[in-house]
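Trainee: I am new to this one and would love a friendly tour. Could we look at it together and work through some questions?

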Amino acid sequence: MTTADYNIHKFDAMSPAVWEEPWIKALTSQITTALQNHVAWIGIETDNTGSDYKLFDYACGNGVASHALASFFPVIHGMDISSGMVSQYNVRAEDSKLSHRMHAVVGNLLDDSDSGAVAAAPTDAALVVMSMALHHVSDPATMIRKLSQRLRPGGVLLIIDFVATSESGCPALEDDSPMSHAIAHRGFTEKAVRDMFSQAGLQSWAWKWMDEQTKLPEAAGGVQQLFLARGVREG
Ligand SMILES: C[S@@+](CC[C@H](N)C(=O)[O-])C[C@H]1O[C@@H](n2cnc3c(N)ncnc32)[C@H](O)[C@@H]1O
């Protein structure tokens, strides 16, 4: 099985009850707060209500980033490789009375044979966000390039993920964790992410660590450090 296959397998099997586990709740709350506290740093326009102001939440899961930023974007597209996650995303959008402007589809930008959902995904997003998912893909450089192609000129790509333990000093993610086959990279150095942004033609690079560290269960690696990285597709 490929990393993508493992991800489909693992995330399709993830029950909605997972989001109620205390450490997951703390993590999603941390991401929500970080996104909302960094609106200006990211470069989100706070007064744009035009229907062309789009957020593309890639590897969206059940929609943590979409919901955190829903008040800024009239149109929100989600995409995820897991149909189970897409279904949870769309149920949550419905429950939040946001389904008229927030909808996810199944897709994988790294799958060149996918001419359906991928072909229909936005190419004019003001913001593309990929939160806690770059470490799940086999070829992060190609993923960053494909994500940057989804931006309108002046649009921003934002990645949230783990800082490599060589830079953060945090313990390594455990090799025997249940997720291990679905994880392709155990965090990223600042230089690695910066180089991938640069190779994708993104400019106005900025990187920062989240203010507080993140507590994963010990079996998954214990305390970890997350980063936010952003770059702009110049016009
Ligand atoms: C840890 S979850 C993060 C979900 C969400 N972005 C968040 O911040 O809560 C990782 C997500 O990445 C998705 N994923 C993994 N590989 C993917 C790929 N190649 N393309 C799209 N989604 C992928 C998984 O299905 C899963 O929903």
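Trainee: Which residue has a backbone N or O atom 3.2 Å from a nitrogen atom of the ligand?

Mentor: Keep in mind that this is a predicted model. The contact you ask about pairs a backbone N or O atom with a ligand nitrogen atom at 3.2 Å. A polar contact needs N or O atoms within 3.5 Å, so this pair fits that cut-off. The residue is Ile81.

Trainee: How far is a polar side-chain atom of Ser131 from an oxygen atom of the ligand?

Mentor: Let us take the side chains in turn. Asn108 places a polar side-chain atom 3.2 Å from a nitrogen atom of the ligand. For Ser131, the partner is a ligand oxygen atom, and the distance is 2.7 Å.

Trainee: What share of the ligand's accessible area does the protein cover?

Mentor: On its own, the ligand has 590 Å² of accessible area. The space it takes is the largest pocket. Of that accessible area, the protein covers 93%.

Trainee: How many residues of the shell around the ligand are charged?

Mentor: Altogether, 18 residues surround the ligand, and Tyr58 and Asp80 are among the closest. The shell divides into ten nonpolar residues and seven polar ones. That leaves the charged group, whose count is one.

Trainee: Moving on to the rings, are Phe197 and Trp205 stacked or edge-to-face?

Mentor: The structure holds five aromatic pairs. In the pair of Phe197 and Trp205, the ring centres are 5.2 Å apart and the planes meet at 80 degrees. Planes over 60 degrees apart fall in one class, so this pair is edge-to-face.

Trainee: And what is the angle between the planes of Trp205 and Trp207?

Mentor: Trp205 and Trp207 also form an aromatic pair, with 6.2 Å from centre to centre. This pair counts as stacked, and the angle between its planes is 25 degrees.

Trainee: Is Trp207 buried or exposed?

Mentor: Ring pairs link Trp207 with Phe197, Trp205 and Phe227 into a cluster. Within it, Phe197 has a relative accessible area of 1% and is buried. Buried means under 20%, so Trp207, at 14%, is buried.

Note on methods:
Residues are numbered from 1 along each chain as its sequence is written. This is a predicted model: local features need pLDDT of at least 70, side-chain atom pairs count only at pLDDT 80 or more; totals for chains, interfaces and linings use all residues. Side-chain values use heavy atoms; hydrogens and water are left out. A residue is near a molecule or strand if one of its heavy atoms lies within 4 Å of it. A polar contact is a pair of N or O atoms within 3.5 Å; within protein, one must be able to donate a hydrogen and the other to accept it, and residues adjacent in sequence count only if both atoms are side-chain atoms. Accessible areas come from the Shrake-Rupley method with a 1.4 Å probe; for residues, only the protein chains shown count as cover. On a 1 Å grid over the protein atoms alone, a cavity is a set of points where a 1.4 Å probe fits but cannot get out, and a pocket is an open set with protein on both sides within 12 Å along at least five of seven lines; lining residues have an atom within 4 Å of a point. A molecule sits in a cavity or pocket if more than half of its atoms lie within 2 Å of its grid points. Ala, Val, Leu, Ile, Met, Phe, Trp, Tyr, Cys and Pro count as nonpolar, Asp, Glu, Lys and Arg as charged, and the others, Gly among them, as polar. Rings of Phe, Tyr and Trp (its six-membered ring) pair if their centres lie within 6.5 Å; planes under 30 degrees apart count as stacked, over 60 as edge-to-face and the rest as tilted. Buried means under 20% relative accessible area, exposed over 50%, partly exposed in between (1.4 Å probe, protein chains only).
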